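Student: I'd like a close look at one part of this protein, and then a walk through whatever else stands out. Could you take me through it in plain terms?

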Amino acid sequence: MNKASKSASYIALVAASAFAVAAHAGPDEDSLTINGETEIVTETAAPDHLSDVFDTIYSGWRFRTDETQSLEMDDFDNPGMLTVDAAMEAYATAEGTVGESCQGCHEGVETFAGLTPTMPKVDEETGKLVTMEDAINDCRTERMGADAWKWSGDDMQGMVALIGLQSRGMPMNVAIDGPAAPFWEQGKEMYYTRYGQLELSCANCHEDNYGNMIRADHLSQGQTNGFPTYRLKQAKLISKHNRFRGCIRDTRAETFAEGSDEFRALELYVASRGNGLSVETPAVRQ
């Protein structure tokens with residue numbers, strides 16, 4: 001057998017083994033209430049645009065172990081809250097050449113309630129698709145005269161989580177029509193595109209095989225209503241784009257950059273698949 005044949009055989013073997021799954025173990029029946037007071041919708045009817053795919057959508061929380069689930073049920077146990085607390089201090093700290101803080105313009109952070117469920121969305125003035133990270137860095141550079149934060153830095157993801165926390169329990173409701181439609185279509189195309197040497201798409205795992213075990217991982221529907229999420233494997237808050245990069249790398253492909261137009265579009269499409277699920281930010285996953 002020549003080298004090319006061996007390489008092709010190896011790739012085929014890896015691809016096959018990737019889906020050598022155990023018996024189906026769908027979402028559990030547990031319910032999520034955070035701090036004993038905020039009820040979280042972790043199961044609801046699929047949005048209309050998924051009616052030919054799913055009847056029901058589930059939060060990733062329903063696919064985690066009891067131990068991981070418990071960490072999200074109380075903010076004192078949730079390790080992601082340490083980064084959120086640091087963001088609360090940053091929110092009130094004046095920075096940059098203007099000497100302004102987030103609080104100076106927006107007053108209390110609770111004024112952001114209701115924003116996260118609608119993100120990302122199209123900016124009416126520029127026509128661009130804007131994520132929460134974009135909005136934060138625009139405030140920092142244009143209004144505060146401060147340096148932009150790195151997309152997946154602790155300061156950025158802590159602030160994204162802090163803002164998201166204000167909408168905890170509210171249903172995701174991103175717009176996919178009007179000016180958002182072309183971005184949504186781009187994201188949908190990416191979701192079903194096979195990438196890398198393994199020729200796998202997002203849908204192969206999170207649509208075709210959710211509920212199955214792939215090695216030690218219980219595949220979920222890939223919902224993003226809990227992001228930024230504290231990932232135990234990385235021991236930090238993880239952005240959506242960081243997770244997108246990881247998934248594409250797992251297909252043995254060159255990936256897009258965090259903050260790229262491609263990942264912005266994919267973020268919109270994936271967020272729309274969770275319309276109706278509650279914002280959980282910051283969620284805990286393994």
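Student: Which residues form the negative surface patch?

Tutor: Keep in mind as we go that this is a predicted model. The negative surface patch is made up of Glu29, Asp30, Asp66 and Glu67. Let's zoom in on one of them, Asp30, which sits in the loop between α1 (3–18) and β1 (32–34). Its relative accessibility is 32%, so Asp30 counts as partly exposed; the band for that label runs from 20% to 50%.

Carry on past β1 and you get to another loop, the one between β1 and β2 (38–40), where you'll find Asn35. Asn35 is also partly exposed, because its relative accessibility is 32%. What makes Asn35 worth a click is the backbone: phi is positive, about 60°, although the residue is not a glycine. Glu199 is another case of a positive phi in a residue other than glycine, with a value near 50°. You'll find Glu199 in the loop between α7 and α8 (202–206).

While we're on backbone oddities, have a look at the prolines. Met119 and Pro120 are joined by a cis peptide bond, with omega about 0°. Pro120 is in the loop between α4 (102–106) and β5 (121–122). There's a cis bond from Thr281 to Pro282 as well, and there omega is near -10°. Pro282 lies in the loop between α10 (261–272) and β11 (283–285).

Now for the helices. It helps to have one rule of thumb in mind: an α-helix has 3.6 residues a turn, so residues three or four places apart point the same way. Take α3, residues 81–91, where the buried residues are Met81, Thr83, Val84, Ala87 and Tyr91. Looking down the axis of α3, those buried residues fall within an arc of 150°, so they line one face of the helix. Turn to the face of α3 that points away from the buried side and you meet the exposed residues Leu82 and Glu89.

Helix α7, residues 181–191, can be read in a similar spirit. Its buried residues are Trp184, Gly187, Met190 and Tyr191. These cover an arc of only 120° around the axis, so they sit on the same side of α7. Pro182 and Glu189 are exposed on the other side of α7.

One of the buried residues of α3, Thr83, also takes us over to helix α6. Asp154 belongs to α6, and its C-alpha is 6.9 Å from that of Thr83, although the two are 71 residues apart in sequence. Asp154 has a relative accessibility of 45%, so it counts as partly exposed. Further along in α6, which spans residues 154–165, there's Leu162. Leu162 has a relative accessible area of 3%, so it is buried, given that the label applies under 20%. If you want a distance to check on screen, the C-alpha atoms of Leu162 and Ser70 are 20 Å apart, with their positions 92 residues apart along the chain.

To come back to where you started: select Glu29, Asp30, Asp66 and Glu67 together, and you have the negative patch on your screen.

Definitions and conventions. Residues numbered from 1 in each chain as written. Predicted model: local features only at pLDDT ≥ 70, side-chain atom pairs only at ≥ 80, totals over all residues. Heavy atoms only, no water. Patch = residues over 30% accessible without salt bridge, like charges linked within 9 Å, V, L, I, M, F, W, Y side chains within 5 Å. Areas by Shrake-Rupley, 256 points an atom, 1.4 Å probe, with all protein chains shown as cover. Salt bridge = Lys/Arg side-chain N within 4 Å of Asp/Glu carboxyl O. Lys, Arg positive; Asp, Glu negative; His and termini not counted. Charge placed at Lys NZ, Arg CZ, Asp CG, Glu CD. Helix = DSSP H or I, 4+ residues; strand = E, 2+ residues; numbered from the N terminus. Buried < 20%, exposed > 50% of the residue type's maximum accessible area, 1.4 Å probe, protein only. Arc of directions from axis to C-beta.
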